[in-house]
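Biologist: I am new to this structure and would like a close look at a single part. Please start with one strand and its surroundings, then work outwards.

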Amino acid sequence: MSVTVREKRLTPAAITALKGERPIVSLTAYTTPIAKLLDPHCDFLLVGDSLGMVLYGLPTTVGVTMEMMIAHGQAVMRGVSHACVIVDMPFGSYQESKEQAFRNAARIMKETGCDGIKLEGGEEMAETIRFLTTRGIPVLGHIGLMPQLVNATGGYRSLGRTDEEADKIRRDARAVSLAGAFAMVVEGTIEPVARELSDGNAAPTIGIGASPACDGQILVVDDMLGVFNDFKPRFVKHFAELAPQISKAVEDYASEVKARSFPGPEHTFQMKKQKI
Ligand code: KIV
């Protein structure tokens, strides 16, 4: 009988254990080839619902569906042998009740084979997070700026500059951590608040636009590669500039096709030479 040995990948518990040891490294991933490239360097990959904007050209993440998340979750899982993989729950798939959240989270985990899910929300989602984590679903929290709430909050801006906002983020972080999240994304807040959240909670903080005071960092991969240039928030660093390279490559291809210099003889199949 042949036994299939599951490759050794980092678990959500292993991500939690990195807190205080070294910064946690994470990026978003949506496809198999990119997941393969990121896998050796990242502790976890997030199949983020940012794919709505990055891959599908949607205006916000609100239009993203369960089917999109599952298809891209499956694609990323085919590309990893090291990193833990977390799939975002799309807007509307978990806010109605903890039972709805469990049903959809379980579906994502069964159909993709991923290691856990992410959902947005602080105090108001704590009961749901507790419900999932006590039933075998590792949860990555997401507090601070929550993109799925854009229609209610009216835009994307960093939070925590007023006492009221800072207090809300503190309460959210505490609630999410106590509910059993293995880590929490902290998006768009100021450094002193991020430091308090990191020092005061068991769950590691994974910052995006939330300063180096977090226990780890995450960026949208197309942003840091300089592919997705519709807008560049202050917190994004381009570690490469792929957009102009892609444009140049396609321009060269178009002119070679028009000049009939591509395909050349080395790209062309010929009849086999007959042996005489
Ligand atoms: O959807 C996403 O990509 C995210 C990250 C930006 C954290 O939530």
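Modeller: What follows starts at strand 7 and moves outwards from there. Keep in mind that this is a predicted model.

Strand 7 covers residues 205-208. In a regular strand the side chains alternate between the two faces of the sheet. Here Thr205 and Gly207 lie on one side. Ile206 and Ile208 lie on the other. All four are buried, so both faces of the strand are covered.

Now look at the partners of strand 7. One is strand 6, residues 183-187. The two strands run parallel and are joined by four bridges. Within this pairing, valine 186 stands opposite glycine 207. The other partner to look at is strand 8, residues 216-219. Strand 7 and strand 8 also pair in the parallel sense, over two bridges. Here isoleucine 206 has glycine 216 as its bridge partner.

How does the chain get from strand 6 to strand 7? Helix 9, residues 191-200, belongs to the connection. Strand 6, helix 9 and strand 7 make a β-α-β unit, and the unit is right-handed.

Take the loop between strand 6 and helix 9. Threonine 189 is found there. Its relative accessible area is 6%, which is under the 20% limit, so threonine 189 is buried. Set aside its neighbours within four places in sequence. Threonine 189 is then in contact with Ser158, Leu159, Gly160, Ile169, Ala194, Gly209 and Ala210.

Next, take the loop between strand 7 and strand 8. Serine 211 has its place there. Most residues other than glycine have a negative phi, and most peptide bonds are trans. Serine 211 is not a glycine, yet its phi is positive, near 75°. With a relative accessible area of 17%, serine 211 is buried, because that value is under 20%.

One residue of strand 7 leads to the ligand. Ile208 is among the residues that surround the ligand. So are Val185 and Val220. The others are Thr28, Leu46, Gly48, Asp49, Ser50, Asp88, Lys118 and His142. Three of these side chains can be looked at by distance. An N or O atom in the side chain of serine 50 is 2.5 Å from an oxygen atom of the ligand. For aspartate 49, the distance from a side-chain N or O atom to a ligand oxygen is 2.9 Å. For aspartate 88, a polar side-chain atom lies 3.2 Å from an oxygen atom of the ligand.

Strand 6 also leads to helix 8, residues 163-178. Helix 8 has 16 residues. From its first C-alpha to its last it reaches 22 Å, close to the 22 Å expected at 1.5 Å a residue. Its buried residues are Glu165, Ala166, Ile169, Asp172, Ala173, Ala175, Val176 and Ser177. An α-helix has 3.6 residues a turn, so residues three or four places apart point the same way. The buried residues of helix 8 pack against helix 6, strand 5 (139-144), strand 6 and helix 9. Just after the helix comes glycine 180, with a positive phi of about 105°.

Helix 5, residues 98-112, gives another example. At 1.5 Å a residue, its 15 residues should span 21 Å. Its end C-alpha atoms are 21 Å apart, which agrees. Gln100, Ala101, Asn104, Ala105, Ala106, Ile108, Met109 and Thr112 are the buried residues of helix 5. They pack against helix 4 (66-77), strand 3 (84-88), strand 4 (116-118) and helix 6 (126-133). Glycine 113 follows helix 5, and its phi is positive, near 80°.

Finish with the segment after helix 11 (242-258). Arginine 260 is found in this segment. Its phi is positive, about 55°, although arginine 260 is not a glycine. Is arginine 260 buried or exposed? Its relative accessibility is 75%, which is over 50%, so arginine 260 counts as exposed. Proline 263 has its place in this segment too. A cis peptide bond joins phenylalanine 262 to proline 263, with omega about -5°.

Definitions and conventions. Residues numbered from 1 in each chain as written. Predicted model: local features only at pLDDT ≥ 70, side-chain atom pairs only at ≥ 80, totals over all residues. Heavy atoms only, no water. Buried < 20%, exposed > 50% of the residue type's maximum accessible area, 1.4 Å probe, protein only. Pairing = 2+ DSSP bridges. Right-handed = clockwise from strand over helix to strand, strands pointing away. Expected span 1.5 Å × (residues − 1). Contact = heavy atoms within 4.5 Å. Near = heavy atom within 4 Å. Polar contact = N/O pair within 3.5 Å; in protein donor to acceptor, adjacent residues only side chain to side chain.
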